[in-house]
Amino acid sequence: MTKTNNDAEQWKVFREDKATPDQILKYYGIFMPPVPVADLARELGVSVQEPINAGWLAALNSSGPRPYLYLCVDSPERKNYAIAHELGHLLLHPFGVYRDLTFHEDEKDEEAHKFAIQLLLPERMLRTAAQVYRNDTVKLSELFRVPDHLLRIRLAGILGL
Ligand SMILES: [Zn+2]
């Protein structure tokens with residue numbers, strides 16, 4: 001992974017290198033849950049804003065020199081998902097404005113969704129934690145600070161439950 005002298009530009013490096021969620025976590029030395037995605041977004045050089053009553057759940061503007069991420073969800077767990085999903089749009093998709101009403105509207109959303117669950121629920125971390133907590137999805141979703149349904153889907157995908 002290339003390293004930049006200017007940390008504010010790190011998102012550009014990851015974008016150009018097509019970095020995977022696992023590579024990004026390794027770069028920042030994140031090996032334990034929860035994955036601090038809000039801190040991660042700032043480290044990457046993304047400005048996170050929380051407008052009120054925007055009419056959508058989350059959005060990204062990557063058309064300017066600095067990316068802006070907007071959150072309009074309530075719980076900390078949903079915020080974590082929204083940040084991870086928008087980071088997916090930032091690193092995977094053409095520059096522009098993305099507005100998410102449901103997070104599941106088109107193919108790009110599915111790619112951003114996949115990126116988000118890999119970032120928030122890395123396979124190795126989740127496998128280890130699932131053994132410790134004996135697949136208790138309530139405890140695991142608390143540990144990873146993600147919405148319960150997301151944890152269940154990821155766990156089922158990894159362990160085939
Ligand atoms: Zn989306």
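This report walks through a predicted model, starting with its sheet and moving on to the helices and a few loop residues.

## The sheet

Let's begin with the strands. Four of them make an open sheet, ordered β1-β3-β2-β4, and the pairing is mixed. At the edges sit β1 (47-49) and β4 (97-100), each of which pairs on one side only. On average, neighbouring strands here are turned by 10° against each other, direction ignored.

Now for the pairings of β2. Strand β2 (residues 58-61) and strand β3 (residues 68-71) are antiparallel partners, joined over four bridges. If you want a spot to look at, A59 stands opposite Y70 in β3. β2 also runs antiparallel to β4, again with four bridges between them. There, L60 is the residue facing Y98 in β4.

## The two faces of β4

As a rule, side chains in a regular strand alternate between the two faces of the sheet. β4 shows this alternation: Y98 and D100 point to one face, and both are buried. V97 and R99 point to the other face and are not buried. So the Y98 that stands opposite L60 is one of the buried pair, because a residue counts as buried once 20 or more other C-beta atoms lie within 10 Å of its own.

## Helix α4 on the sheet, and its partner α5

Back to the sheet as a whole, with its strand order β1-β3-β2-β4. Its neighbouring strands are, as noted, turned by 10° on average. Helix α4 (residues 76-92) packs on this sheet and touches β1, β2, β3 and β4. The direction of α4 makes about 30° with that of β2.

α4 also meets helix α5 (residues 107-120): their axes come within 8 Å and cross at roughly 120°. That angle is why α4 counts as oblique to α5. The crossing is right-handed. On the α4 side, the contact is made by N80, Y81, A84, H85, L87, G88, H89 and L92. α5 contributes K108, E111, A112, H113, F115, A116, L119 and L120. Sorted by class, this contact has nine nonpolar, five polar and two charged residues.

## A proline in the β2-β3 loop

P65 sits in the loop between β2 and β3. Is P65 buried or exposed? P65 is exposed, because its C-beta has just 7 others within 10 Å, and the cut-off for exposed is 12 or fewer. For a sense of what lies across from this loop, try W11: its C-alpha atom and that of P65 are separated by 11 Å, although the two residues are 54 apart along the chain.

## Backbone oddities in the helical loops

A few loop residues are worth a look for their backbone geometry. P33 and P34 are joined by a cis peptide bond, with omega about 0°. P34 belongs to the loop between α2 (21-27) and α3 (37-44).

Which residues other than glycine have a positive phi? One is K18, with phi near 50°, and another is N135, with phi near 60°. K18 lies in the loop between α1 (10-17) and α2, whereas N135 is in the loop between α6 (123-132) and α7 (137-144). Their surroundings can be put in numbers too. K18 is exposed, since 9 other C-beta atoms lie within 10 Å. N135 has 13 within that distance, so N135 is partly exposed.

Notes: Residues numbered from 1 in each chain as written. Predicted model: local features only at pLDDT ≥ 70, side-chain atom pairs only at ≥ 80, totals over all residues. Pairing = 2+ DSSP bridges. Axes fitted to C-alpha atoms, helices over the stretch in contact; angles between N-to-C directions. Contact = placed C-beta atoms within 7 Å. Parallel < 35°, antiparallel > 145°, perpendicular 65-115°, else oblique. Left-handed = near helix turned anticlockwise from the far one by under 90°. Nonpolar A, V, L, I, M, F, W, Y, C, P; charged D, E, K, R; others polar.
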